[in-house]
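Visitor: I should like to understand how the descriptive terms applied to a model are justified. Could we go through them one by one?

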Amino acid sequence: MTIETPRTSGMPRTSKAIRVGRRVELAAATAADYEQFTEWLRPEGDVAALTGDVAERVTVAALRADAASGAHFCTIRGLDGERLGMVKFHHVGAAQDTTFELSGAIGSSDLWARGYGAEGFGLVVEHLFEDLGAHRLQFWVGLFNEPMLRMVMRTRFFVLEGVLRERKFFKGEYHDVAMWSMLRHEYEALFVRGEWDGGPGPHAWFDTASESKSTARKSLAEYLRRAPATALTPFAG
């Protein structure tokens, strides 16, 4: 599976489409879409099971309130118009901040592992960097969410930043949550210039930073070379 972010200029799109891919399009959510989202997010539903949002039923009013506070909801549709999934993204910090956090899922387990989510996720990535001027995007993956975790690890397009230990309570136990991110220069290297080499490398972290930033990063690198226990230690083998 790969995350696709096709160049969409000149491609046909519906009147409400934001980005159009080979098999799916990304569109701003409508009132009818909100109704569908609440069905997908019902406590016993597939999406709630993936995200861990199983405590209470999500309502249209709650989604509208979230949107009024700055969240953006989009619908992943097939090119025939069928609703396939949902995406949410919002600024992290002030509205003018160029960091965005995103989440989402394909609504029915019958449609998982068909590439719809990967392509839809790629369209969101493209929208955030190309249309909204993002510098950084981030998202969380609960380690109970095997389908999303497998997709992110397989694509190798995102950088694992760390693990929050036992951050999410789900089905009677606490689970770790991993944060992944992509920066603008990584997006441009991958999707614009085709130069992505599978990771940022030391040059991106040290040599291109300001003196104070580089010094701080080297101090952290030295600390890690002394092999202290971190949240990633149990996964190092």
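Guide: The following exchange sets several terms against their cut-offs, for a model that is predicted.

Visitor: Why is Leu143 called partly exposed?

Guide: Partly exposed covers the range between buried, under 20% relative accessible area, and exposed, over 50%. Leu143 has 25% relative accessibility, so it counts as partly exposed. Leu143 is placed in the loop between strand 6 (136-142) and helix 5 (146-155).

Visitor: Which residues does Leu143 touch, leaving aside residues up to four places away in sequence?

Guide: Leu143 touches Leu149, Asp176, Ala178 and Phe235, a contact being heavy atoms within 4.5 Å. Ala178 is 35 residues from Leu143 along the chain, and their C-alpha atoms are separated by 7.1 Å.

Visitor: What makes strand 5 and strand 6 a pair?

Guide: A pair requires at least two bridges. Strand 5 (residues 99-106) and strand 6 run parallel and are joined by 3 bridges, so the criterion is met. In one of these strands, strand 6, Arg136 is the bridge partner of Thr99.

Visitor: In what order do the strands of the sheet lie?

Guide: The open sheet has 8 strands in the order 1-2-3-4-5-6-8-7, with mixed pairing.

Visitor: Why do strand 1 and strand 7 stand at the edges?

Guide: Strand 1 (17-20) and strand 7 (159-170) each have a single partner strand, so one side of each lacks a neighbour in the sheet. From one strand to the next, the twist averages 25°.

Visitor: Which strands does helix 1 touch as it packs on the sheet?

Guide: Helix 1 (residues 31-40) touches strand 2 (24-28), strand 3 (72-78) and strand 4 (83-91), and its direction makes about 95° with that of strand 4.

Key
Residues are numbered from 1 along each chain as its sequence is written. This is a predicted model: local features need pLDDT of at least 70, side-chain atom pairs count only at pLDDT 80 or more; totals for chains, interfaces and linings use all residues. Side-chain values use heavy atoms; hydrogens and water are left out. Helices (H or I, at least four residues) and strands (E, at least two) are DSSP runs, numbered from the N terminus. Buried means under 20% relative accessible area, exposed over 50%, partly exposed in between (1.4 Å probe, protein chains only). Axes are lines fitted to C-alpha atoms, for helices over the stretch in contact, and angles run from 0 to 180 degrees between N-to-C directions.
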